Amino acid sequence: MYDYEWDRLKTWLDQYGAIDESITSAEQITRLDLSAKSLKDIPASIGILCNLIVLNVSNNKLSTLPDSMKELSALRNLDIRRNNFEELPEVVTSLSLRSLNASGNQLKSLCLLKNSKELRVLDFSSNAIRNLESFLPIKNELRTLNLSSNLIKDIDMFLPNLASVERLNLSNNVIVNIPHSIEHLESIEELDLSSNQIEKIDDAFFNLEVEIVDLSANNLKSLHLFSLESLEELTLDENDFEDLSIEDYFAPYLKEFSCDSCSLETFLLPPSEFLEMLCYSSNEIKAIPDEIGHYSKLTQLDIDENLIEDLPDSLANLVYLQTFYAKGNPLNEHAKKVIDVLSPNICDLNMKSGITIERAGADDLAQMAKLLSVLFAIEKDFEIDFDKQFSGIQSLYKCEGADLLVAKYENSVVGMITMQRLISSAEGDYIGQIEDLVVYEEYRKMGVGSRLLNKMRVIAQEYEYKRIQLAADIDNSNALEFYNRRGFNKTNLNLYHYTV
Amino acid sequence: MKDKEEVLEMEICECGEKTVAQAIEIMQNTSLPFKKAKKLVTECNKSCCRVALMKIYDMKDFGRFDYDEIAYVIEQRLERLKRLSEEA
């Protein structure tokens, strides 16, 4: 029998390339991506998609949804972000959703999502929500709630309905107080309260079993830290503290503690033995206590931009410390000796500023050929031969479809990378072959290699290459790790050479 | 929708008076972690433009810049500031 409604809907969906030719009935459609199609409305016939589970209509110009959507009984994931909704369509409140993303609209308030007992993920970020009445049923299974970048001032009323929420983002609002009702966050693991106007925190907050808290960029003047027994990460950056203190029984498993730009004069020591990252950057601290040496698991210490002259000898005991930022302090000779003994992998005092990344010029080619010797000394397949290297680099420089970048310090080449255009029959288009990424030993651990690779990736993007690829010596573990960390995937292919 | 050149000329940080193009250049030329790279752009310890700068920082690491997304985030922030000032 001819199905007029399906025929009309299919024509509409075809128009936006939302379904392929294999779809012959409404029942076959379980997912629809109609994002970024400049849609101003959705046809009422969408209600016939009885098996639709996922609907993405984000990045359109919608301000309403058809009432017929209440027939979408299988719909679980609805994405309406970045549209023109000024209020949440009534039909949304009647759906049994698992996730709803309504960020980037102009919602001013929220109505009760009465059928949302199974809702797990809810995103109302970047709207204009001021008031939060009870928008969730008392019994719900919400796990993730994002209300960031709204105009919320008072959170007292809605907290009692968030007993199951594990991740709550309230950053970028105008919250002034953390009320006693915060105690209702019984399942909370991550709590982002950054960029608000918080002045007061109720004691109930310190009894939460939260693991990650961000309170940065608020108006906290006085804070006494205690309990928070499950806390692993605390960020307090950009609060103009007059009084910050830490109790002995505060956060025994704390791993990361950051107080960047907090007007602190004292270096406070959290009691946790598990601390891995400690940041007191941009304060007015004059001394680091000897007890810093007790943090045997510390891997990163940031004390830059303070008033520190000397460093305690105990700092040199921190054998796992890999990253140490200490620039902008009037460090004396003893302090510099301590850093020498400590010898961290990354230290901003050792970093040279003024290293530039630029396209290679004709004058750079001889230096690049010389630099290649450093690479070929590592790679067993190649022998060092300056004349061949110089000739190769010169040919590459003249070759259309080749790109050569150099890292320069005081007009000398200290690092390089090249890329050649290839045609991939697998990709059906151009790809980039990366070669010759090398940095002089004394300029390593300063991010020069990353910058060279990042710049080359941007060039590849501009050429619209489908892929970039490279080969690395299997014994060069540093290089293999470097490429892995930057998102390169190892392939199953082996390289073979045949000398012609 | 703005084209790439228009987005590059948008002001991303009032404190440091930097455009998107300048912020991208600075982010590409440092290997410092985000918190420190941000200060190179803003030249201050504030976090007004943190969200947009973090997008650029992540895009730099990812190797692809989404200029529409950058413009959207900047405009969102300006819109929010306007709303807040109207309320005040």
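So, the contact between the two chains: 15 residues of chain B are in contact with 21 residues of chain A. Keep in mind, everyone, that this is a predicted model. On the chain B side, the element that gives the most is helix α5, residues 67-87, which puts in five residues. And what kind of residues does chain B bring to chain A? Just one is nonpolar, while seven are polar and another seven are charged.

Okay, staying in chain B, let's look at helix α3, which runs over residues 34-42. Which of its residues are buried? That would be B:Lys35, B:Ala37, B:Lys38, B:Lys39, B:Val41 and B:Thr42. Yes, you heard three lysines in there: B:Lys35, B:Lys38 and B:Lys39 are on the buried list. As a reminder, residues three or four places apart on an α-helix point the same way, because there are 3.6 residues a turn.

So what covers those buried residues of α3(B)? The cover includes two strands of chain B, β1 at 11-13 and β2 at 18-19. It also includes two helices of that chain, α2 at 20-28 and α4 at 50-62. And right after α3(B) ends, B:Glu43 takes a positive phi, about 55°.

Now over to chain A. This one has 500 residues, and 37% of them count as buried. In secondary structure, chain A has seven helices and 24 strands. Its C-alpha trace spans about 80 × 65 × 30 Å along the principal axes. Last thing, on contacts within chain A: if you take the ones between residues at least 6 apart in sequence, 25% join residues at least 24 apart.

Note on methods
Residues are numbered from 1 along each chain as its sequence is written. Chains are lettered from A and ligands numbered from 1 in the order in which they are written. This is a predicted model: local features need pLDDT of at least 70, side-chain atom pairs count only at pLDDT 80 or more; totals for chains, interfaces and linings use all residues. A residue is buried if 20 or more other C-beta atoms lie within 10 Å of its own, exposed if 12 or fewer, and partly exposed in between; C-beta atoms are placed from the backbone. Helices (H or I, at least four residues) and strands (E, at least two) are DSSP runs, numbered from the N terminus. Two residues are in contact if their C-beta atoms, placed from the backbone, lie within 7 Å. Ala, Val, Leu, Ile, Met, Phe, Trp, Tyr, Cys and Pro count as nonpolar, Asp, Glu, Lys and Arg as charged, and the others, Gly among them, as polar.
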